[in-house]
Amino acid sequence: MMMMSWCRINNIAVMVLLIMAYCNVKYCEAELSPDFYSNSCPAALSTIQNAVSKAIAKERRMAASLIRLHFHDCFVQGCDGSILLEDSATIISEQNALQNFKSVRGFNVVDDIKSAVEQACPGVVSCADILAVAARDASKYVGGPSWAVKLGRRDSKTANKDLAEANLPIAFDDLEALLSSFARQGLSARDMVALSGAHTIGMAQCITFRSRIYNDTNVDAGFASTRRRSCPPVTGNGDGNLAPLDLVTPSSFDNNYFKNLLRRKGLLHSDQALFNGGSSATDGFVSGYARNQASFYSDFSAAMVKMGDISPLTGSDGEIRKICGAIN
């Protein structure tokens, strides 16, 4: 009898260790909660929301920039604020990665949010959580969905430029590469298409869509002609010229991005890769979201929560940075 009890205890202990190991490898949802700051910093969410609203009211494009910051953070060693770390003696910033260099933005807004939160509750709210909440508030401000953000992440003490270049999708990716990139983060094809819908707002540089409007065959001729007016064919000429990712409603979060794909008017090669006229693995999701905005909003919210669960630092791991751009 004692032998059976001892074996049962050992089995339970092994199961606990396996669960803990899995939690550390990818997800650790149980340690995150929307109510994490209810007692330690009750003003945190309203403070972040006010700062986000002020920033987007000043520059509408900032909504897309804040959502993108959270996405580019989570895909590199988890949602840990590592993208915010600047170059230092010990840090090679992820901001230097190909997918981020001179394109990710909004760091000044995050700094302003952090300053305001530090005044309310010094040393309590992480920069990683600020990114997660700011993305949600940005979506809501421009007419997009809202969701309950799970909180309790801590900030990393490291950054990884090489991992950023390996993990982050690029504008020239085909569907297979995109599916692989998202699958490595535990995200499904549905998650990927829904999250790509964030391109309903924001801008892209000519260098990221030049090859699409001059070389791709699955592009609407009139759309390509319009985009060529501000994006010359020669590399180095007008590389930084901007065009809206959604030509129809570039400043409002809606489902026009998917309607554009049905008409072969996706700005980036990686956008149009999601829809190939009914034959690809993701065509059904694109068509569905184009028909039903509520379905897109629901799936986008669920995917943002799922993405926010990627490998968070919790408990005593990491730190709460005093300044988001540098370790303590």
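Which residues gather in a patch of negative charge on the surface? In this predicted model, the patch is formed by Glu86, Asp87, Asp111 and Asp112. One of these residues, Asp112, is placed in helix H4, which spans residues 107-120. Asp112 has a relative accessible area of 52% and is therefore exposed, as the cut-off for that class is over 50%.

**Salt bridges**

The count of salt bridges comes to 10. Three of them are listed below, each with the separation of its closest N and O atoms.

| Salt bridge | Closest N and O atoms |
|---|---|
| Arg153 and Asp129 | 2.7 Å |
| Asp137 and Arg136 | 2.7 Å |
| Arg190 and Asp299 | 3.0 Å |

Arg153 forms a salt bridge with Asp129. This pair links distant parts of the chain, with the two positions 24 residues apart in numbering: Asp129 belongs to helix H5 (127-141), while Arg153 sits in the loop between helix H5 and helix H6 (161-167). Arg153 is buried, with a relative accessible area of 3%. Asp129 has 0% relative accessibility and likewise counts as buried.

In the salt bridge between Asp137 and Arg136, both residues are buried.

Arg190 forms a salt bridge with Asp299. Arg190 is part of helix H8 (residues 189-196) and Asp299 is part of helix H14, so this salt bridge ties together parts of the chain that are 109 residues apart in sequence. The two partners fall into separate exposure classes: Arg190 is partly exposed, with a relative accessible area of 39%, whereas Asp299, at 17% relative accessibility, counts as buried.

**Other buried polar residues**

Asn256 is found in helix H11, which covers residues 256-262. Its relative accessibility is 14%, which lies under the 20% cut-off, so Asn256 counts as buried. The side chain of Asn256 makes a polar contact with the side chain of Thr249, at 3.1 Å.

Ser311 lies in the segment that follows helix H14 (293-308). With 16% relative accessibility, Ser311 counts as buried. Although Ser311 and Phe75 are 236 residues apart in sequence, their C-alpha atoms are 9.5 Å apart in space.

**Overview**

Helix H14 recurs in this description: Asp299 lies in that helix, and Ser311 lies in the segment after it. On the surface, the negative patch includes the exposed residue Asp112, while Arg153 and Asp129 are a salt-bridged pair in which Arg153 is buried at 3% and Asp129 is buried at 0%.

Terms used:
Residues numbered from 1 in each chain as written. Predicted model: local features only at pLDDT ≥ 70, side-chain atom pairs only at ≥ 80, totals over all residues. Heavy atoms only, no water. Patch = residues over 30% accessible without salt bridge, like charges linked within 9 Å, V, L, I, M, F, W, Y side chains within 5 Å. Areas by Shrake-Rupley, 256 points an atom, 1.4 Å probe, with all protein chains shown as cover. Salt bridge = Lys/Arg side-chain N within 4 Å of Asp/Glu carboxyl O. Lys, Arg positive; Asp, Glu negative; His and termini not counted. Charge placed at Lys NZ, Arg CZ, Asp CG, Glu CD. Helix = DSSP H or I, 4+ residues; strand = E, 2+ residues; numbered from the N terminus. Buried < 20%, exposed > 50% of the residue type's maximum accessible area, 1.4 Å probe, protein only. Polar contact = N/O pair within 3.5 Å; in protein donor to acceptor, adjacent residues only side chain to side chain.
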